[in-house]
Amino acid sequence: MSDIFSKLHPRLQAVLSSMGFTRPTEPQVRTIPKLLKGDNLLLIAPTGSGKTESAILPVFNHILNRNEEGRSGISALYITPLRALNRDMLARLEVMGTQLDIDVQVRHGDTSKYQRQKQSKHPPDVLITTPETLQIMLTGSRLRKNLESVQYVVVDEVHELAASKRGAQLSIALERLVEVAGEFQRIGLSATVGSPVTVARFLAGSNREVGIVEVSIYKDLEFNVVTPQVTPADRTSARSLMCTPEMASHLRVIGDIVESHISTLIFVNTREAAEALGSRFRMLERSIGVHHGSLSKETRIEMEDMFKSGGLKGLICTSSMELGIDIGDVDHVVQYMSPREVSRLIQRVGRAGHRIHETSKGTIITTFPDDVVESWAIIHRAHSGMIEETLIHEGSTDTLANQIAGMVLDFGELDSERIHDIVTRAYPYHHITQEQVDAVVQQVGDNQLVWHEEDGRVGRRRKSWQYYYANLSMIPDEKKYDVLDIVSGRPVGALDEIFIVNFIKPGAVFIARGEMWRVMEILHDRQRIKVEPVRDPGGEIPSWVGEEIPVPFGVADEVSSIRAKIGSKIGAGLTDDEIARDLMEQFPTDRATTMSVVDIIRKQVNEGFAVPTQDTITVEDAKGSVIINICGGHKVNNTIGGVLTALLSARLGTSVAMEIDPYRIKLDLPARIRAADVVRLIMDLDPAHVEPIIEMSLKHTTFFKWKMIQVAKKFGAINTDADYERISLQRLLDVYEGTPMYGEAVREIFQDKLDIGRTVDIIGRIAAGEILLAAGKASPIGISGFVGGRDLVSPARADASIIEALKQRIMNDRVILFCVTCKKWVSRTRVSRVQDIPECPLCESRMIAALKPWEEEEIKVFKIKEKTADELKRARRVYRNASLVLSHGRTAVIALASRGLGPETASRVIRKMRRDEDGFYRDILEAERNYVRTKRFWD
């Protein structure tokens with residue numbers, strides 16, 4: 001196969017030989033000849049199989065064959081979605097480029113001003129950049145000139161871009177580049193693609209020829225699914241690690257895997273899980289680091305370098321590490337809990353065994369039966385090559401608005417027909433009509449971002465620049481809220497605005513830093529959330545455990561199929577051993593893990609309940625709620641749940657709370673609404689009404705408001721720093737309903753969060769009698785859901801450590817002691833330094849008021865001789881304060897120093913006469929909580 005390299009320039013052959021590349025990989029054999037001919041191509045191949053070289057060797061070959069005059073500007077753009085990939089790519093390509101006298105440089109948001117100026121005057125042959133930086137380059141006069149010579153564009157991790165609005169934006173940017181440079185060769189690289197034809201079309205555009213080369217990874221993947229079993233040692237270590245025995249067993253098994261391998265990546269699905277595991281491994285002093293998007297760039301690079309050099313044996317990471325960031329050789333991958341999607345499993349486990357034809361090995365650590373069956377289903381689909389389809393954002397109008405501004409900056413003035421011609425060459429916009437383009441032009445014109453005439457001409461305004469550069473990225477602008485623990489007074493972390501909007505309300509419970517917290521107060525103007533630790537995590541279900549990865553319908557459907565087969569085997573009289581043996585032959589798993597699934601399904605059958613499957617949906621009465629068992633995945637269940645909550649809310653005259661997982665919908669309902677009522681409601685539902693009901697109900701949700709505001713910002717209708725809380729949704733609807741802006745908000749929610757098509761199909765099949773609906777009481781499978789994230793929590797953290805944190809905070813708080821007898825003595829001190837029985841050193845009186853630092857004004861009021869009615873009221877309050885200290889000494893000072901406790905509340909707390917000190921502090925904590933919860937009503 002080495003004759004493939006012989007087709008390359010002699011200098012390139014020599015460099016390859018000196019670098020030890022003597023034999024091409026399969027992707028190189030199959031792609032290099034096509035690329036040398038100038039074909040557009042999408043290459044899908046495993047990580048570590050020489051994908052980058054497959055693309056760059058033909059590009060270097062063409063550059064070497066050009067004369068000096070032909071190399072006056074940029075010859076090739078290498079576009080990556082992550083700056084970290086830019087960094088890795090530069091390191092790899094620079095080595096080869098230097099030996100070939102080919103200048104390879106990188107340009108993105110962190111590139112210095114000096115380097116950017118240098119690149120403008122002396123452009124490199126190959127520029128590695130991001131989609132957003134290309135947006136800037138297209139509008140700069142000198143940079144635009146440098147782009148005229150571009151003949152090759154490589155898009156790395158093209159699947160990642162194709163499924164996002166960043167990709168829709170890039171697709172138009174590439175067509176704008178054609179206006180500058182003429183046609184160029186397009187090369188796309190990806191490790192996994194569920195819809196190769198769609199992604200290839202996205203890469204090439206609407207009407208260009210494009211080839212696909214797919215090198216299979218599926219046969220080179222090896223998995224193992226394990227639910228760790230709790231040992232006596234795990235129960236002991238759980239106490240010191242402040243976690244559940246189950247989590248202690250997970251830590252033990254992961255630790256053993258890391259120790260038995262040279263380098264292990266540990267993938268988790270949320271940042272919260274990463275922090276929870278990472279903090280425990282730090283306590284265990286294991287050589288395991290943490291890497292996720294919320295950490296600083298410097299910390300992430302440090303972790304990558306330490307792992308690459310062997311300084312860390314294990315690295316806990318989130319989805320950011322799925323992409324091809326260079327971290328050296330990985331010989332094993334651990335996936336903590338189900339990866340939720342086939343594509344994620346392949347991307348993640350594919351990071352192990354980075355040499356071609358080397359088997360990638362991974363272990364999935366599962367935590368409960370749904371997790372196990374889901375992992376089995378995903379592995380089966382991975383080996384069958386059944387990857388999720390890539391959904392591109394077709395006709396995204398806020399992206400189009402942004403690119404119209406870019407085009408008027410490119411050309412100064414152009415007509416809307418030309419805009420339509422350029423835009424429809426981009427595949428995400430191949431169906432958009434002239435009327436739709438004109439409507440978007442009208443809207444950006446109304447927002448004073450461009451000018452437009454009735455004859456169709458469109459041109460730049462002064463605000464065009466400002467708007468375009470403020471929206472270079474289609475990633476939504478989000479505020480971050482600081483989270484503060486009211487008990488200890490310490491910061492907990494930060495939450496993104498979207499999670500505040502969707503999940504975080506007073507009383508909501510969420511997981512952060514491996515602990516469970518209850519929201520007490522949200523201060524939108526200060527972007528702060530006040531929380532308290534949950535005292536009994538075992539008795540709480542978190543509203544939010546992190547940015548959850550949605551389970552697709554195909555995976556959930558396969559879970560129901562596996563359940564059905566187990567259920568039928570139980571019905572046929574097979575023993576547990578026989579069923580377990582069959583499952584272990586079918587899936588890579590052990591007996592204990594298998595039995596956790598068989599046990600719950602046998603319990604379901606033995607107690608007379610139907611097993612929820614593709615053709616059986618069970619609706620169950622549970623305590624204070626109705627649970628619908630349906631294996632629909634997140635999007636379908638979210639859609640069905642949304643329709644039912646809308647109809648039930650209308651019937652009851654009050655909102656209905658909903659919770660979903662991929663296999664259940666839980667509706668919180670009054671006792672008079674039973675499972676049988678919900679069954680009748682579903683049976684009476686017309687499939688044609690699903691979409692209008694959803695759209696109508698969406699208008700009243702906080703999530704729709706958030707999405708509408710984000711789209712409005714991208715349209716330039718609202719300032720990017722506008723405060724979410726101060727914007728009226730009704731006002732937005734009054735002004736913009738029926739416009740492209742409104743349509744985009746609905747379209748994006750329908751695509752990202754809902755599945756209207758499959759929901760309509762399911763409702764239709766129910767109506768036709770093809771799917772059975774069965775009402776009954778709560779079943780073992782029904783009540784086993786909604787447990788995700790529980791193991792991330794410290795169970796017994798609560799009482800002892802919360803009370804201790806409260807004590808420390810109060811003891812460190814400052815207090816002002818004031819003698820109400822002589823009115824002369826004032827002392828400022830910490831609570832910890834106050835005597836058991838405070839006394840005035842000037843007059844020896846024990847009538848000492850204990851005031852908070854912000855109550856100093858009360859001393860001045862108390863000293864006024866002729867007082868107003870309000871001043872008299874305030875003075876009496878100070879006197880009652882002093883009377884309390886006279887009667888109870890330092891105990892009263894502690895109560896009065898607490899937040900929100902005045903003399904009356906402090907008196908009630910003290911009167912309870914708790915025998916133990918912890919009980920006294922527990923009452924203070926309850927009083928503080930009540931103050932935070934209610935103060936907004938009387939402030």
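## Helix H20 and its surroundings

In H20, the buried residues include Ser464, Tyr467 and Tyr468; buried here is under 20% relative accessible area, exposed is over 50%, and partly exposed is in between (1.4 Å probe, protein chains only). They span an arc of only 95 degrees around the axis, so they sit on the same side of H20; the arc is taken from the directions that run from the helix axis to the C-beta atoms. Turn to the other side of H20 and you find Arg462 and Gln466, both exposed. Helices (H or I, at least four residues) and strands (E, at least two) are DSSP runs, numbered from the N terminus.

A word on the source: this is a predicted model, where local features need pLDDT of at least 70 and side-chain atom pairs count only at pLDDT 80 or more, while totals for chains, interfaces and linings use all residues. Residues are numbered from 1 along each chain as its sequence is written, and side-chain values use heavy atoms, with hydrogens and water left out.

What covers the buried residues of H20? Among the elements doing that are helix H6 (131-139), helix H9 (165-181), helix H17 (397-411) and helix H28 (702-714), along with strand S15 (450-452) and strand S16 (457-460). Contact, by the way, means heavy atoms within 4.5 Å.

H20 also has some ring business going on. The structure holds 7 aromatic pairs. In one of them, the rings of Trp465 and Tyr469 have centres 5.9 Å apart and planes at 10 degrees, so this pair is stacked. Rings of Phe, Tyr and Trp (its six-membered ring) pair if their centres lie within 6.5 Å, with planes under 30 degrees apart called stacked, over 60 edge-to-face and the rest tilted. Trp465 and Tyr469 are 4 residues apart in helix H20 (residues 462-470), which means about one helical turn between them. Both are partly exposed, Trp465 at 36% relative accessible area and Tyr469 at 32%. Phe920 and Tyr921 go the other way: their ring centres are 5.5 Å apart with planes at 65 degrees, so they pair edge-to-face, and both residues are buried. Back in H20, ring pairs tie Trp465, Tyr468 and Tyr469 into a cluster.

Phe411 has arginines over its face. A charge counts as sitting over a ring if NZ of Lys or CZ of Arg is within 6 Å of the ring centre and within 35 degrees of the ring normal.

| Arginine | Ring | Distance from ring centre |
|---|---|---|
| Arg144 | Phe411 | 5.5 Å |
| Arg418 | Phe411 | 4.2 Å |

Now for the nonpolar cores, each a set of buried Ala, Val, Leu, Ile, Met, Phe, Trp, Tyr and Cys residues joined through side-chain atoms within 4.5 Å. The largest has 82 residues, and Leu400, Ile419, Ile628, Leu669, Val678 and Phe704 touch the most other members. Setting aside neighbours within four places in sequence, Leu400 is in contact with Ile172, Val423, Tyr429, Ile432, Val437 and Val440. Apart from that core lies another one, of 45 residues, including Val330, Val349, Ala377 and Ile379.

How many disulfides are there? The structure holds 0, taking a disulfide as a pair of cysteine sulfur atoms within 2.5 Å. For Cys843, the closest cysteine sulfur is that of Cys819 at 3.6 Å, too far for a bond.

Lastly, a backbone oddity: Glu157 has phi near 50 degrees, a positive value in a residue other than glycine. Glu157 is in the loop between strand S5 (152-155) and helix H8 (158-162), and is buried at 8% relative accessible area.
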